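The following exercises concern one protein structure. Please work through each task before reading its solution.

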Amino acid sequence: MSDFQAIADRVEIEALRGEFTDAVMMRDYDRIALLFTPDGALRMPNIPVELEGQEPIRAWGRRVPDVVDFLVQNTHPGVIQLDGDTASGRAYMSEVGRGRDGRGGLNYAIYHDHYQRTGDGWKFAERVYEVRYEDASPLAGSPPPPPPGRGFVTSPSRRPDRLRTPVIGVLRG
């Protein structure tokens, strides 16, 4: 494998891990399922959940909003070991969230991953979630309410009430 290919593989795997976190934050469970190989597995022993295959992953994800009020997940880069068309690695997580039952908390965890190169790029063959620290203290804060009449805003640049100054006007001062 060339050095260039190894760099490209690492970048693509890191992008896959970032895509997973984005899909979790956006509650896009169809996208989460597609990040796995057709027989890929998502295992979360602390919940406990054992999911094998894209459809079970998708179906489980669609039930999450019924039990989770909010979840903020952050991925921190970890190691990646390449081995041809397969790889393994770890990604480190920090999360804060609250269930619909009012219980909330903070945790730090590790995703132990196995990746597979496919015709559509790198995918998760297996992702195992291991919680290393959990703080179930009541959360002091809460998510902010959506702006009146506007709903959820995904990007500040898409806000209709944001004033946009033409670049040429800024340059001419």
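**Exercise 1. Determine whether A136 is buried or exposed, and locate this residue.**

Step 1. The relative accessibility of A136 is 63%, so this residue counts as exposed (buried means under 20% relative accessible area, exposed over 50%, partly exposed in between, with a 1.4 Å probe and protein chains only).

Step 2. A136 belongs to the loop between β7 and α4 (167–172); helices (H or I, at least four residues) and strands (E, at least two) are DSSP runs, numbered from the N terminus.

Step 3. Along the chain, A136 and G105 are 31 residues apart, yet 4.4 Å separates their C-alpha atoms.

The model is predicted: local features need pLDDT of at least 70, side-chain atom pairs count only at pLDDT 80 or more, and totals for chains, interfaces and linings use all residues. Residues are numbered from 1 along each chain as its sequence is written, and side-chain values use heavy atoms, with hydrogens and water left out.

**Exercise 2. Describe the backbone at R27 and at the bond between I47 and P48.**

Step 1. Recall that most residues other than glycine have a negative phi, and most peptide bonds are trans.

Step 2. R27 is not a glycine, although its phi is positive, about 55°. R27 is found in the loop between α1 and α2, and its relative accessible area of 29% makes this residue partly exposed.

Step 3. The peptide bond that joins I47 and P48 is cis, with omega about -15°. P48 is part of the loop between β1 and β2.

**Exercise 3. Find the aromatic pairs and describe how two of them connect the chain.**

Step 1. Searching the whole structure gives seven aromatic pairs (ring centres of Phe, Tyr and Trp, the latter by its six-membered ring, within 6.5 Å; planes under 30 degrees apart count as stacked, over 60 as edge-to-face and the rest as tilted).

Step 2. One of them joins F36 and F124 in a tilted arrangement, 5.2 Å centre to centre with 40° between the planes. Because F36 lies in strand β1 (residues 36–44) and F124 in strand β7 (residues 121–135), the pair ties together parts 88 residues apart in sequence. F36 is buried at 1% relative accessibility, and F124 is buried at 0%.

Step 3. Y111 and Y129 also form a tilted pair, with 5.0 Å between centres and 50° between planes. This pair links Y111 in strand β6 (residues 104–118) to Y129 in strand β7, 18 residues apart. Both Y111 and Y129 are buried.

Step 4. F20, F36, Y111, Y115, F124 and Y129 make up one aromatic cluster.

**Exercise 4. State which rings lie under the charged end of R127.**

Step 1. A charge sits over a ring if NZ of Lys or CZ of Arg is within 6 Å of the ring centre and within 35 degrees of the ring normal.

Step 2. The charged end of R127 sits over the ring of F20, 4.6 Å from its centre, and over the ring of Y111, 3.8 Å from its centre.

**Exercise 5. Identify the best-connected members of the largest nonpolar core and its main contributor.**

Step 1. A nonpolar core is a set of buried Ala, Val, Leu, Ile, Met, Phe, Trp, Tyr and Cys residues joined through side-chain atoms within 4.5 Å.

Step 2. The largest such core has 26 residues, of which F20, I32, F36, I57, Y115 and F124 touch the most other members.

Step 3. Elements that each supply at least two residues of this core include α1, β1 and β7. The most comes from α1, with five residues.
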